[in-house]
Amino acid sequence: MTKKKTILSGIQPSGKLHIGNYFGAIRQHIAMQDKGDTFYFIANYHSLTSLNDGKTLYQNTIDVTLDYLALGLDPQKATFFAQSDVPQVPELAWILGTLTPVSLMEKGVSYKDKIAAGLKPNIGLFTYPILQAADILIYHSDVVPVGEDQKQNIEICRDLAGKFNRAYDGEYLIIPEDHIVKSVAVVPGTDGRKMSKSYNNTIQIFEEGKPLKKVLMSIETDSKGLEEAKDPDSDNVFALIKLFADESKQAEIAEKYRAGGYGYGHAKLELLELVEEYFAEAREKRKELEGDLDFVKDVLTEGGKKARARAESVMEPIREVTGIVRNF
Ligand code: ADP
Ligand code: TRP
């Protein structure tokens with residue numbers, strides 16, 4: 001029997017999760033939960049690089065856990081935990097940092113993008129890829145499912161694992177493959193740009209009723225009148241409809257666009273119905289879970305224990321070979 005692959009991914013708890021996160025990451029995480037020895041974690045140390053409000057960070061951590069559980073994460077199948085429950089992660093990150101050329105971090109596009117988007121240039125943000133590398137390497141991960149935007153961080157991780165193994169002359173760290181999730185194009189936000197918390201253009205997964213309707217009604221379109229024929233392929237509302245509707249429903253709506261006499265307001269209402277239906281079960285589940293927060297916290301506690309045990313087994317030989325001894 002071949003050894004089960006270790007699959008690992010993380011998500012930052014820096015705000016409410018949106019449908020871009022769902023189609024770009026969460027859905028694939030859940031689909032892969034029983035495809036190996038799977039670890040998913042909430043990257044709360046990473047969120048500190050952009051969020052300095054303890055109450056909010058804690059609440060977001062609980063919310064992300066609720067979201068994943070409601071959307072189908074099964075803690076019997078995947079180990080789900082908080083990054084901060086594994087102190088071996090920052091421990092390894094420090095060691096990797098001592099082998100990281102400053103020039104490698106200076107090439108980081110994600111750092112530059114975040115500064116350009118207005119984040120403060122702190123050292124945590126600058127060395128973010130080193131902490132991410134430790135996240136991955138500490139469990140001997142083989143496969144890391146992430147979106148296209150994470151490609152460079154995974155490359156840096158592979159690079160650092162190689163540097164460590166060469167410096168200490170052994171296979172202490174496993175060089176992971178990336179697994180770029182390509183099944184979905186970038187999900188557009190209400191303004192047509194990439195949906196992102198930083199652009200204030202998101203549609204949250206667990207928004208419902210009036211607030212959801214309000215957001216969907218605010219999606220930007222061109223100014224064609226009700227009677228005019230419309231091109232579904234150049235419209236934001238239709239791009240979102242495609243994520244939620246099956247093929248025959250998509251074809252039916254596209255036909256209405258082309259025929260004219262069907263306004264963007266109609267399309268938005270149709271989208272509303274599709275979104276409500278798509279997440280109906282998850283919404284019910286989330287409400288149930290909100291009433292059982294002890295269970296939710298237990299999931300994190302148990303996940304943390306398992307993750308720590310694995311991390312410790314990888315860290316031990318690293319302490320030894322680096323001479324960072326704990327018990328003299
Ligand atoms: P945000 O841009 O809202 O801060 P993150 O950078 O935290 O989102 O992304 C978390 C995950 O969700 C990543 O794997 C990313 O690839 C995916 N993701 C985020 N926004 C989108 C989007 N608009 N379309 C597809 N995937 C996305
Ligand atoms: N940087 C990732 C993001 O913004 C989150 C993350 C942190 C991560 N550590 C990771 C993803 C390790 C995969 C593996 O989406």
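In this predicted model, helices H4 and H8 are oblique to each other, since their axes, those of H4 (residues 88-97) and H8 (residues 128-137), cross at roughly 120°, an angle that falls outside the ranges counted as roughly perpendicular, 65 to 115, and roughly antiparallel, over 145. The two axes come within 8 Å, and the crossing in which H4 passes H8 is right-handed. On the side of H4, the residues that meet H8 are Val89, Pro90, Leu92, Ala93, Leu96 and Gly97, and their counterparts in H8 are Ile130, Leu131, Ala133, Ala134, Asp135 and Leu137. By class, the residues of this contact between H4 and H8 comprise ten nonpolar, one polar and one charged.

A second helix pair is formed by H3 (residues 54-70) and H15 (residues 293-322), whose axes come within 10 Å and cross at roughly 95°, which makes H3 roughly perpendicular to H15. Here H3 contributes Tyr58, Ile62, Thr65, Leu66 and Leu69 to the contact, whereas H15 contributes Leu293, Phe295, Val296, Lys297, Val299 and Leu300. The contact of H3 with H15 is made up of nine nonpolar residues, one polar residue and one charged residue.

At the level of domains, the protein chain is divided into domain 1, which takes in 6-186 + 293-322, and domain 2, which covers 207-278. The C-alpha centres of domain 1 and domain 2 are 36 Å apart, and the contact involves five residues from domain 1 and four residues from domain 2. Between them, domain 1 and domain 2 bury about 360 Å², of which 83% is on carbon and sulfur atoms.

Notes. Residues numbered from 1 in each chain as written. Chains lettered and ligands numbered in written order. Predicted model: local features only at pLDDT ≥ 70, side-chain atom pairs only at ≥ 80, totals over all residues. Heavy atoms only, no water. Axes fitted to C-alpha atoms, helices over the stretch in contact; angles between N-to-C directions. Helix = DSSP H or I, 4+ residues; strand = E, 2+ residues; numbered from the N terminus. Parallel < 35°, antiparallel > 145°, perpendicular 65-115°, else oblique. Left-handed = near helix turned anticlockwise from the far one by under 90°. Contact = heavy atoms within 4.5 Å. Nonpolar A, V, L, I, M, F, W, Y, C, P; charged D, E, K, R; others polar. Domains from an automatic or database assignment. Buried area = accessible area lost by both parts, 1.4 Å probe.
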